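I opened the notebook to look up helix geometry, backbone outliers and ring contacts, in that order. The entries follow the order of the look-ups.

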Amino acid sequence: MKKNLLKTMSLAAVATLALASCNQSNPQADAQAEAKQTAPTELKIAYVEVDSIMTQYKFCKDYSLILQKKGQNIQNTLAAKQQQLQAAAANFQQKVQQNAYTREQAEGIQAGLQKQSNDLQALDQRLSNEFQVETAKYNNALRDSIQHFLAAYNKDKKYSLILSKAGDNLLYADKAYDITNEVIAGLNKAYKPTAATKKETETEKK
């Protein structure tokens, strides 16, 4: 629960190149023409620092808070139920040592405690699955928002490739090709949090 899955997000986008209409009567000529059109005379490359997006993009910051809150609530719920079960088990053990139960009563209580333990494990699994689904949803929304922005951004910039730089995945990258600040500024300008998102993040920040 403590892993911030949003940290594992990566960014990659490839610019779309226009293709001319094909001449059906001459397949060989068509192939040659297509090859000429799809091979740019000059390769324009840029890159974006993923870590900077994670820390500066408002979408990431908002949903990092939301997911942190949800994860903490799950941990608190499970911890409270675990403490209750441990207390009941300790009380049962004490009563057994004091011969406070008949054999039938002890077996019934023990079966009840085992059921509570099984139920707790099932709850843990269910909440964990729900949290994973929730984080996957936010990760997909993050990816979609970045790809949508870059598609519009690149209509004017005309980059052939926009790469993601996370840690040392690029052995060398000239800062002249770094468009991170432009992308973050554009993403934040386009980001419009929902009323529910605003409410959750404001509550978490207090």
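**Helix α3.** I am working from a predicted model, and I began with helix α3, whose 40 residues run from 58 to 97. At 1.5 Å a residue the helix should span 58 Å, and I found its end C-alpha atoms 59 Å apart, which agrees. I then looked up which of its residues are buried, and listed F59, C60, D62, Y63, I66, L67, G71, I74, L78, L85 and F92. I noted beside that list that an α-helix has 3.6 residues a turn, so residues three or four places apart point the same way.

**Positive phi.** Just after α3, I came to N99, which takes a positive phi of about 55 degrees although it is not a glycine. N99 lies in the loop between α3 and α4, the latter being residues 103-157, and I entered N99 as exposed because its relative accessible area is 68%. I also looked up K158, a residue other than glycine with a positive phi near 60 degrees, and found K158 in the loop between α4 and β3 (161-165). With a relative accessibility of 55%, K158 counts as exposed.

**Aromatic pairs.** How many aromatic pairs does a search of the whole structure find? The search gives 7. I took the pair of Y57 and Y191, whose ring centres are 6.1 Å apart and whose planes stand at 75 degrees, so I recorded the pair as edge-to-face. This pair links distant parts of the chain, since Y57 is in the loop between α2 (50-56) and α3, while Y191 is in the loop between α5 (180-190) and α6 (195-205), 134 residues apart. Are these two rings buried or exposed? Y57 counts as buried at 3% relative accessibility, and Y191 is buried as well, with a relative accessible area of 12%.

I turned to F92 and Y101, whose ring centres lie 5.9 Å apart with their planes at 25 degrees, so this pair is stacked. F92, already on my list of buried residues in α3, has a relative accessible area of 10%, whereas Y101 is partly exposed at 25%.

**Cluster and charge.** I followed the ring pairs further and found that they link Y57, F59, Y63, Y138 and Y191 into a cluster; F59 and Y63 are among the residues I had listed as buried in α3. My last look-up concerned Y159, where the charged end of K44 sits over the ring, 4.8 Å from its centre.

Conventions:
Residues numbered from 1 in each chain as written. Predicted model: local features only at pLDDT ≥ 70, side-chain atom pairs only at ≥ 80, totals over all residues. Heavy atoms only, no water. Helix = DSSP H or I, 4+ residues; strand = E, 2+ residues; numbered from the N terminus. Expected span 1.5 Å × (residues − 1). Buried < 20%, exposed > 50% of the residue type's maximum accessible area, 1.4 Å probe, protein only. Phe/Tyr/Trp six-rings, centres within 6.5 Å; stacked < 30°, edge-to-face > 60°. Lys NZ or Arg CZ within 6 Å of the ring centre and 35° of its normal.
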